Amino acid sequence: MGNKIAIIGVGHVGSTVATNIVTAGIAQELYLIDEQDKIARADEFDLFDQQAYLDTTTRVKFIPYHDDWAALRDVDVIVFAAGNIKIVLGNPNDKSNNRVGELSNSARIVREVGPRIKASGFHGTMVCISNPCDVITQLMQKVTGLPKQSVLGTGTSLDTARLHRAVAVALGVSISDVAGYVIGEHGETQFAAWSSVSVNGRPMTKIAQEAGLDLDDLETQARMGGHVVGLGKGFTNYGIGMTALTIVKAVVNDEHRTFPATSYDDHFGVYIGHPTTVGAAGVLAQPALDLTADEETKYQKSAAAIKHNLESVK
Ligand SMILES: NC(=O)c1ccc[n+]([C@@H]2O[C@H](COP(=O)([O-])OP(=O)(O)OC[C@H]3O[C@@H](n4cnc5c(N)ncnc54)[C@H](O)[C@@H]3O)[C@@H](O)[C@H]2O)c1
């Protein structure tokens, strides 16, 4: 039997994840659910039209929002991307791009859809994207009652891609030559774990010293890059769209691939972005990093910030 994937929230991000899934040909069936039925229905048609020029087939099915969601019972992966990006990026006077602004709205949506996901009998893996990603992933796990292993979020995977871009541009190398992670909150307290970053097998700390590059400056460039995208077009979609596809693929193909996804950190009692190995059973492992003392402190601060935001919606 082929893979079944569902997307809840088919806005800028959800629709980009949908087209990526169809183009990659990794699902036999793709379900689309959005509070605005007309959007999900439009994408059902559009994503079918796209397949006239593909050599793979994905049966795309829109599920009306107020209908029964029983079809979710047999789905392998649910991507959660519901929200309202205008709350944070629609205000021209607010250039902070602070994802916490969406917290109460995203939490309200989780409380609305979580029980319906649970009632469907869904027992696959959930990949959460909606912001603030760490808190929303934790809330989703709680509301659905799914095992912690089965619920994860994209976490700092997109921020890591942005860091790789900044390093690649500074050194004139390919983005895929850069390895290592941004970890912590997908938000203001995230940080580049430079001790984990390497380029073509050499530690970035050493390369930066030799080349006279300022690591703080590179980290700022990565962060600012995110602002250029978000504030420039009012949403972000391509970077997160490929990030989400890659994580979903790791689940459906049981790849045992590691991402700085947000997964439950037992020690701090929160979902937080750190290396997370993903496969068919969801979170398979959380490989530890050899962080410096300074990085450990930043991670603790980040966990505390997530916990603080979580308390406000408990
Ligand atoms: N984690 C990341 O790295 C990352 C990156 C980009 C965006 N995001 C987040 O992803 C979310 C979606 O972003 P976007 O740009 O697509 O936003 P958007 O406003 O374009 O789309 C959100 C969609 O969710 C739908 N929706 C609202 N309430 C719903 C409900 N109860 N059930 C089902 N659908 C519902 C809306 O109708 C809309 O189509 C936001 O929270 C955004 O901040 C996260």
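Trainee: Where is the place of Pro132?

Mentor: Pro132 sits in the loop between strand E5 (125–128) and helix H5 (133–144). Keep in mind that this is a predicted model.

Trainee: What makes the peptide bond that joins Asn131 and Pro132 cis?

Mentor: Look at omega. For the bond joining Asn131 and Pro132, omega is about -10 degrees, and the bond is cis.

Trainee: What makes Asn131 one of the closest residues to the ligand?

Mentor: The ligand is surrounded by 30 residues, and Asn131 is listed among the closest, with His12, Val13, Asp34 and Glu102. A residue counts as near if one of its heavy atoms lies within 4 Å.

Trainee: How do you know that the side chain of Asn131 makes a polar contact with the ligand?

Mentor: An N or O atom in the Asn131 side chain is 2.9 Å from an oxygen atom of the ligand. The cut-off for a polar contact is 3.5 Å, so the pair qualifies. Asp34 passes too: an N or O atom of its side chain is 2.6 Å from a ligand oxygen. At Glu35, a polar backbone atom is 3.2 Å from a ligand nitrogen.

Trainee: How much of the ligand does the protein bury?

Mentor: The protein buries 95% of the 860 Å² that the ligand exposes when taken alone. The space the ligand takes is the largest pocket.

Trainee: Which elements give two or more residues to the shell around the ligand?

Mentor: Helix H1 (12–24) and helix H4 (103–120) do. H4 gives the largest share, three residues. By type, the shell divides into 15 nonpolar, eleven polar and four charged residues.

Trainee: Why do you say that the ligand lies between domain 1 and domain 2?

Mentor: Domain 1 (4–153) gives residues to the shell, and so does domain 2 (157–311). Therefore the ligand lies between them.

Trainee: What is the sign of phi in Asn200?

Mentor: Phi of Asn200 is positive, near 50 degrees, in a residue other than glycine. Asn200 lies in the loop between strand E10 (198–199) and strand E11 (202–203).

Notes
Residues numbered from 1 in each chain as written. Predicted model: local features only at pLDDT ≥ 70, side-chain atom pairs only at ≥ 80, totals over all residues. Heavy atoms only, no water. Polar contact = N/O pair within 3.5 Å; in protein donor to acceptor, adjacent residues only side chain to side chain. Areas by Shrake-Rupley, 256 points an atom, 1.4 Å probe, with all protein chains shown as cover. 1 Å grid on protein atoms, 1.4 Å probe; cavity = no way out; pocket = protein on both sides within 12 Å on 5 of 7 lines; lining within 4 Å. Sits in = over half its atoms within 2 Å of the grid points. Helix = DSSP H or I, 4+ residues; strand = E, 2+ residues; numbered from the N terminus. Nonpolar A, V, L, I, M, F, W, Y, C, P; charged D, E, K, R; others polar. Domains from an automatic or database assignment.
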